[in-house]
Amino acid sequence: MDELEKMLLMQVADLHKVPDGAYNIRKNGEADGRRSTPHIRIESRKDGKAGIDIFVSGETKGESVHIPVVITETDYKEQVYNDFYIEDGADVLIIAGCGIHNCGEATSEHSGIHTFHIGKNAKVKYVEKHYASGDGNGENVMNPTTDIRMAENSRMEMETTQIKGVDSTVRTTRGVLAAGAELVIREKIYTHGKQFAKTDFSVELDGDGAGADVVSRSVAAQSSRQEFYLRIDGNGKCHGHSECDAIIMDEANVVAIPALAANSVDAELIHEAAIGKIAGEQLLKLMTLGLTEQEAEEQIIKGFLS
Amino acid sequence: MLELQHISFVAADGDTNKEILDDVSFRVEEPFVAITGPNGSGKSTLAKIIAGILTPSEGRILLDGEDITALSVTDRARRGISYAFQQPVRFKGLTVKDLVSLAAGKRLTVSEVCSYLSEVGLCARDYIDREVNASLSGGELKRIEIATVLAREKRLTVFDEPEAGIDLWSFQSLITVFEKMHERTKGNILIISHQERILNIADRIIVIANGKVQKNGSREEVLPGLLASRACPVLAK
């Protein structure tokens, strides 16, 4: 693995070396290392599509799986299907992410379709980071799709982060929750230049006691554009909360279109949305502490997205 | 030492111009100088002019002899002016530790942040990782605001109504904060206040009314008159 590939791995998976536990590293469409453990089995798919199946046994407690993807070739496009089978009662941390470095003229594109089958009482923490760099004119495109099916009383916490670099992204997340299941999503996005990011969340709260908490924080700078779509369907005695908070700068454009659908009289659904520029008094306060206006802006954004 | 020379400030009020400050001159030489006066007399405007947030229409501001009238907020802060806001600012995402560290100009250790928070009467452990956002009460925000200027330890600190919103925390604690601050910085503290107990520790009291300096003298000279006029509403007019 060369320096560039190591840098990308650092960015998306905080990996400095081969990780402990189970992992699968995918580099320019090929496997670049894989390890299964007694509790976590990783296999190539058998249906001919690119990607892997990850089986997490019910015995798993506090183990991690790293499945980073690295692309350093220009004009390279792939669609990868990863399926996670999480057995009842498992407790696992999954770290996925995609790093693209494109110094060519053509577009490089990664579309990851992740499907989670989460068993009863299982706990999953899923961390996903997207990062792209490059000194050519070629675009970096990532379109992650996450499909989450949660059985009774399971819990999933998803952290998804995309800071700069990605020119175009359509991020689709679907969740279907059985009784007592809980889904927490934290999204952070920073776009600049002429980038475009579209987020599309939809969550079906099917069972009694199901709950979802979806919070998106984003910063849109320069002439970038963001679209945020969200829909929570409450089909029983459930609670759903969503929040979309965006800082808009320069000539950027942010559209937020939340929807709540209560299909049961017992559904409790809340949405909060705020889009606005950095408040002048926030800049002033930090300037009275000795920061320049630009430093103040950086600190406010860093805090907002941390 | 801070010196204001012939400061005037005119604000646009619809189609007309309104004179907020008119030829205000004074010096801040003693450790504690208080500015008092009726609401709307221009006191907060004066504090903002000293911090560089507002630019005076006329006049000069000198800090230890250097003319800082044309300097930005940032440059004045770097020259040693601290300013505690009357209405503290909320930040989504920045933690108390982040804000106090930014004020100190370096990454502080947990125990350093804790010591500043304890000085303003906050149990540090409960606050250090809290976001400086709407989840904090007005009184908590105000104390964190005071902690940020404490952490700066500069030669001139301006407090704009530090007692406002201080809730259950006592004035005596606030006064202890000022005294400790002076011990450390050996600088000047300029306090805008209506509170008799704060005026009681001032070495000098300046009374501003209708944008002008009405009185400027030692506490002994000014305070008795102030208290007498407050006791009698007819005289106060």
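What follows is a walk through a few features of a predicted model with chains A and B.

A good place to start is confidence. Chain A has a mean pLDDT of 92, with 99% of its residues reaching 70 or more. Its elements do not all score alike: helix H1 of chain A (residues 3-13) has the lowest mean pLDDT, at 77, while strand S11 of chain A (residues 145-150) has the highest, at 97. As a rule of thumb, predicted coordinates should not be read in detail where pLDDT is low.

Next comes the place where the chains meet. Chain A brings 17 residues to the contact and chain B brings 19. On the chain A side, helix H2 (280-288) and helix H3 (293-304) each supply at least two of the residues that touch chain B. The largest share, seven residues, comes from H2(A). Sorted by class, the side of chain A that touches chain B is made up of seven nonpolar, seven polar and three charged residues.

Within chain B, two helices cross. The axes of helix H4 (residues 110-119) and helix H6 (residues 138-152) of chain B come within 9 Å, and they cross at roughly 125 degrees. An angle over 115 degrees but not over 145 falls in the oblique range, so H4(B) and H6(B) are oblique to each other. Their crossing is right-handed. H4(B) makes the contact through Tyr116(B), Leu117(B) and Glu119(B), and H6(B) meets them with Ala147(B), Leu150(B) and Ala151(B). Of the residues in this contact, five are nonpolar, none is polar and one is charged.

Chain B also has a helix that is well tucked in. Helix H1 of chain B (residues 43-51) has eight of its nine residues buried, so the rest of the structure largely encloses it. The buried ones are Lys43(B), Thr45(B), Leu46(B), Ala47(B), Lys48(B), Ile49(B), Ile50(B) and Ala51(B). Right after H1(B) comes Gly52(B), which has a positive phi, near 95 degrees.

Back in chain A, one loop residue gets a closer look. Lys237(A) sits in the loop between strand S17 (225-234) and strand S18 (239-248) of chain A. Lys237(A) counts as partly exposed because it has 16 C-beta neighbours inside 10 Å, and buried status would take 20 or more. Setting aside neighbours within four places in sequence, the contacts of Lys237(A) are Asp208(A), Gly209(A), Ser264(A) and Asp266(A). Asn263(A) is 26 residues away from Lys237(A) in sequence, with 9.8 Å between the two in space, C-alpha to C-alpha.

Note on methods. Residues numbered from 1 in each chain as written. Chains lettered and ligands numbered in written order. Predicted model: local features only at pLDDT ≥ 70, side-chain atom pairs only at ≥ 80, totals over all residues. Contact = placed C-beta atoms within 7 Å. Helix = DSSP H or I, 4+ residues; strand = E, 2+ residues; numbered from the N terminus. Nonpolar A, V, L, I, M, F, W, Y, C, P; charged D, E, K, R; others polar. Axes fitted to C-alpha atoms, helices over the stretch in contact; angles between N-to-C directions. Parallel < 35°, antiparallel > 145°, perpendicular 65-115°, else oblique. Left-handed = near helix turned anticlockwise from the far one by under 90°. Buried ≥ 20, exposed ≤ 12 C-beta atoms within 10 Å, placed from the backbone. pLDDT = per-residue confidence, 0-100.
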